[in-house]
Structures are given as structure tokens and as C-alpha cells.
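User: Hi! Could you walk me through the charged pairs and a helix contact in the structure below?

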Amino acid sequence: MALTGIQIFKLLPKTNCGECGVPTCLAFAMNLAAAKAELASCPYISAESKAQLSEASAPPIRPVAIGTGDNVVKIGGETVLFRHEKTFVNKPGLAVMISDAMTDDEVNGRIKRFKELRYDWIGLVLRPEMIAVKNESGDAGRYETLVKKVMDETDAALILMSDSAEALKAALQVSAQRVPLIYAAAEGNAEAMAGLAKEYKCPLAAKADNMDSLAALTDKISAAGVKDIVLDSGARTVRRVFEDQVFVRRAALVQKNRSLGFPTIAFPCEMTKDPMKETLIAATLIAKYAGIIVLSDFQGESLFPLLVSRLNIYTDPQRPMMMQQGIYPVGNPTEDSPVLITTNFALTYFIVSGEIEASRVPSWLLVMDTEGLSVLTAWAAGKFVGDAIGQFVKKSGITEKVKHRKIVIPGFVAAVSGDLEEELGSEWEVKIGPREAAHLAPFLKQGL
Amino acid sequence: MTFAIPKTAYTGKIKEVVLGRGPKAITVGGETSYPFHLFEGEMPHTPRIAIEVYDTPPDDWAEASLEPYRDVVGDPVAWAKKAAGVYGADMIALQLVSTDPNGLNTPSDQATETAKKVAAAVDIPVIVNGSGSPEKDAELLRKVAEACDGMNLVVGPVVVENYKQIGAGAIAYKHTLAANSPIDINLAKQLNILLGNLGVPDGQIVVDPTTGGLGYGIEYTYSVMERDRMAALTQQDERLQFPIICDLGKEIWKTKEAKAEDSPLMGNAAKRGVLMEAVTAQLLLLAGADVLIMRHPEAIRLVREMIADLMA
Ligand code: SF4
């Protein structure tokens, strides 16, 4: 929770020495409160004040990183309850559960799918990031071997799940450099688990039976010196898991409750035996606040909708999703196929290309950079007008793809056709398309 | 330290709207909290699911979504009976797509006959949707309203270009309007104000925010709905306190991802389509949907189970 300038001033040396770059401690305090200065600029502040200040300025939900390298999973750090209030920032990690009690086939299938299920989607690669490795065999050696195998064969950010500190220690010896999440400290073993987390410098999950005992447990773990904590309230029914996610998020953001100011982990894999329903539980947790979601398996039919849900919910509402400017073939267009133009707002592109596809008339779609504005907005802003469109069409290279010189513009910008014809020159013919993308199919089917 | 549930102070309530008539009439709305936040408010009426029925046989449906209806696609009445009797629809959503002037352009009188027959064939509430052409819908939905006098249909989409004509029909013949705006909270509110000024009673309005499918703009619909509920419940924005209806089935099943065949990457085609529809429905429920218009019986089963679990 942010301190006021006056509260910060009370913690400063009050000598007005000026070394921080401003003449007085009070001025420095005001700058700190406004996030216009760094605490480190004052060389004289006491260690005690420093601790208090950094504690007070810490984010309400602690960001926690699991894994390393390109596949590091950052969770937490959220600042709002609703995405429209600002944006959600750190997408929940999607994990598949692999147990040392599974057969080799079950294990290998999951590892294979973890590696292969990746989707190209508007210039992004959508993929799962995490594998939860569970110790159910009771055999520490067997567990360590499985952890090692998963490490060797994948870049997954790991969750090490066991009740046994001994098995976890064995696994950590081979995997600590990958910074796995240790799951989990509970009431009976908090000291031992916190000891492991400190020794191997790994984040630690805290698992309790309800919100009260969860807060008490994280206090105990924090006091033992572990800072990176992930919360499991223990709920395994849909309603209670949903409510606990809301409680934790609100406790951190609204009540400024430091004991619950951490990301969460949830287990749809332990809540149903139906993989279809498990997918819906996971979707619920994507929208409502989970930090890590552990699934029993990854299959294309369920992982794909979840990855897209996650992308959609975590898209910054203040920044439109944009396509690269360029020529997009839809179907398998030839040198005689129609040429259409639209703007680079991703949604516009999706809808237009979807309707062209549905028409089964292969076409060339020119996508022009309008800084992510839709057709009407871009036109109103003067970015999607005759001369600008004309210049883009000329340098797009479309004349090397088609023999004809006809171009279809969206019906909403019919007014620009004159300017566009002028810019393009007399060999071109500008056709006015329908106003709504939904009417593209009959338009294209009737021929140009 | 005991944990105190951090509760939201609500000041508003969603209006209750009755759909249909007779013993199978349905009440929607009435919420006094965010969706499924039952620890701090009430959701007196479970969200309801309408099954789509088309007035003309679809020619481009994904195999999986066609399969349950293959024997009835040529007959809207048989289709509606199957949706109600076999698949347990709470409501029927008759999609009069063939009236589209850019498509088959079926005359309004003929489509009105279809609507009348379908509405008479089932005892559950019926939603009648035009093609989305504002001019044609103005004529069509006025005729449907008159032909189905007193049946309390939901007719839509009612847009700012045609609310007067359709609204007058709804007042005269007692139907509910699905007020449709293009994913914009201010335009949604504006249309509700206009309908009120026209004399449409509050109990005859539901809001259709325009539904984007998964991967095709669902985040816009989701956030407009969350903003709508926030304004309605915590900022006393009386003109947004209406139940919300989402027409999602058609948005999902027309995508190439729902139509793609089995593959190692995209998995089983039928399950994928069902999950894309059910996941979309689930997200819309969490954002505040009161009525979902859906297609696949299996997606509907899954969503019903989730609703029951969230309210358990
Ligand atoms: S450097 Fe520190 S002590 Fe000196 S004026 Fe700045 S805040 Fe005060």
C-alpha cells in the first residue's frame, strides 16, 4: 500500500543535505511518493527505514517467477479485479500433471503433447509452459528419475509435488537450477518445506484447508524467510474454488492483506474425472484470477480453447491487437482472384478473413497498417483514406500476384473511392464492397 | 486472525423480466451481486439456455453441430420440438436468417408464418431473431409481434435504426425486446433510454451486447458486460439494470477452428467445437449473461453442470 509523502518524510534523516538531488528531505519524500525518485538516491537512510519503505511500496500481489530462460513463468503482480479497469498482466501458467505412479506410456504421451501442442495465432505462438511432477509412488529415487527425465526432455517450468521433504530434496538436487515451485508447505511440515525453499532458492506453495489457516501459514513461511509464495486454499469444488480466488484477489487488493498478497494455484485435475468439464473449470479459473492451473492432460481439443481464452482475457484492453501490414492469401488465391483491402485491427482482420473463407472464394486480402483502428475509426482519423490506401496498394506488391487491377474497399468507406481511383491511376477499378463483413459471401460469390 | 470476506457494497439490482407465458414462462434477472458471487448477494433465477432453430436448412455447418439435428433441419417445427423434447431446451431461439435481403430474402409474411407455427408448437418461451438487416427486421419483427399477439416472445435484434417500429409492436402485442448495440456500454444505455422514452415497460427489455466468439473478440463482449454489471449494481445506473442475452452458438460454429477436422494439433473435431462453444458460454456467464443462445446439446449439458456447481 502506498505511503503518503508525509509518512515517508518521517522515515528520512531530515538533515536536508541535498545529496539526493533535491534540496530537502521533504521534497525527496514527495518525489518518492509520486514514484519520481528512487530510494537508493539517499545515502543516509537507515536500514530500518529502508526496510519499512520497501515493504510499504511492494506490489499488493507479489510477482513470482517459476522456471528459467525463455520459458520462465511469471505470475502474480496483478493490480485490478476487472480487466477493463486497467489490464491483467501475468497470464496463468498452464500445467499438465505427470505422476511417478503413471505408466511409461502415460508419461511419454504427456511429455510429447506438452512439446508438440503449439499454436500460431496472430503472429504469436500459444503454448503451455508448465509440468507438475507428482510423487505418488512413495519412492524418492523413482521420483528423482522422473523429474530428471522431464528436465532433460522439456523446457517446462516445474512444479514439484510431494508430501515427503526427502523426496523433494532429492528432486531439488537435480532441478533447482530450473527454479521449480515446491508444492506444498502445509501446517505440519511448514518448517521443513520453508527450509528447502530457502536452501534451493525456489518459490514455495502454501496449502491450507481454509482462508484463515492459509493466512496463518503464509505468515509462518514468510517469517522463516521465504518471500516467493503461491497459495492453495485447499478448495476442490467449483463454487469454493471460484469464491476463494475472488477472496484472495480482493483480500490483497482491497483489504491490503499482506498475508494473502500472492498468486494462487488451482487443480481442475482434482475436481472432476470428465476432461470436458475440467476444461470449463480451467476456463473459469483463467477469467477469475488463478495464477497456475494444473490439468490432468493436454489434448488439442481442450488445450486450444484454453490457450485462446487466456490470450483473450489477458489482452490489454487499452491496446488493440494488431496484424502486420501486408498481403494475406485466404484459401488458395490465383492471379485472377479478387483483391480486398481492410485495416490491421486484429478483430477486423479475423472477421473479414473468416467471411471470405466461408464464401469459399479464394481471395487476396490486403491488410493496411492503421495503428490497430477498425475501418470506420481509421477512416474518421484520416488514416484509411484514398491517397493513403492508394500509396499502400502500390507498394504492397499485389500487382505481382494478380493480373487484374480491381480492388474491393469496405462499404463503409465508399466515400474514398474517388480519391483512391485518382491515386491509383486509370488502369485500376475500385469496387465498393458490402458494409458488413457478414455480407461478403454473397458479394464474392456473384463475381466481380 | 480470522479472515473477513472482503465484500462489495452493492446499491442496485437487475430487473426481473418474464419471458413466455403460461406454466413454462421463465423469469430472468433479479441479481443483487456480480455473477455467482453468492457470498454477498443473490441470483434468484438460474441463467437459462435457448437452443437455436433455423428457418432454412444450414448448408455450411460443422459436421458435429449438424449431427444432433440432421433429421429435422428442413422443418423448423420438428426442430423446435426436438430441441425442447429431446435436448431439454429452456427456450427456443428461432433464427430467421433466410429473410436476409443479401441472402435468400424470404418475404416477411412467409417468415412470420414460420415463427407463428414454431411458437405454437412448443410451450416454452421463444426468441425470434431477424437476420440483422435493420430495415427488413423492422418490417419482419413487427409482423411477427402481431401474429403472435400475447405470447410474450423475445424479438430481436432491436437496434437504434429500427427500435421505434419494433418497439411499437412489442408494446401493442406484449413482447420482450432484445436491445442490441455494437459492444459499447454507452450505446447500450442509450438504446435502453430510447426504448423507455418510447413507452416500452422495463419488464419487456433484455440487453444483447453483441457477442464475440472465442478468439474473435470475446474479450470485448466480456468487458462490456462486466462494466455493465458494475454500473448497474454499484453505481445505480438504472438504465443498465437489465438481464443480458448472448447469441453465441452461431459465432463459434462458423469459425474455421470449429470446422477444422481431427488432427493431432487440434484434437477431436467434435469435442473441440463443443468445448469452444461451452468455454465461450462459461466466460459469458462469468461476465453476467442471463440467457445464452447455444447450439450443441453436449456444450449445453456441460454449461448446465457448471451453473449448478457454481450455485451449489
Ligand atoms: S539525501 Fe537523504 S538526507 Fe540528504 S536531503 Fe536527500 S533525503 Fe534528506
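User: How many salt bridges does a search of the whole structure find over all chains?

Analyst: Happy to help! This is a predicted model, in which local features need pLDDT of at least 70, side-chain atom pairs count only at pLDDT 80 or more, and totals for chains, interfaces and linings use all residues; side-chain values use heavy atoms, with hydrogens and water left out. Residues are numbered from 1 along each chain as its sequence is written, while chains are lettered from A and ligands numbered from 1 in the order in which they are written. Taking a salt bridge as a side-chain nitrogen of Lys or Arg within 4 Å of a carboxyl oxygen of Asp or Glu, the search over all chains gives 45.

User: How many residues apart in sequence are the parts that A:Arg62 and A:Asp228 tie together?

Analyst: These two form a salt bridge, with their closest N and O atoms 2.7 Å apart. A:Arg62 sits in the loop between helix 3 (47–57) and strand 1 (64–66) of chain A, and A:Asp228 in the loop between helix 8 (211–223) and strand 10 (229–232) of chain A, so the parts they tie together are separated in sequence by 166 residues. Helices (H or I, at least four residues) and strands (E, at least two) are DSSP runs, numbered from the N terminus.

User: Is B:Glu40 buried or exposed?

Analyst: B:Glu40 meets A:Arg250 in a salt bridge (2.8 Å, N to O). B:Glu40 belongs to a loop of chain B and A:Arg250 to helix 9 (residues 238–253) of chain A, so the pair joins two chains. Buried means under 20% relative accessible area, exposed over 50%, partly exposed in between (1.4 Å probe, protein chains only). With a relative accessible area of 14%, B:Glu40 is buried.

User: Which helix of chain B does helix 10 of chain B pass in a right-handed crossing?

Analyst: Helix 10 (residues 269–287) has its axis come within 8 Å of its partner's, crossing at roughly 35° (axes are lines fitted to C-alpha atoms over the stretch in contact, and angles run from 0 to 180 degrees between N-to-C directions). Right-handed here means that the near helix is turned clockwise from the far one by less than a right angle, left-handed anticlockwise. The partner in this crossing is helix 11 of chain B.

User: Which residues are linked with A:Asp274 and A:Lys277 in a network of salt bridges?

Analyst: This network draws on both chain A and chain B. Joining A:Asp274 and A:Lys277 are B:Glu298, B:Arg301, B:Glu305 and B:Asp309.
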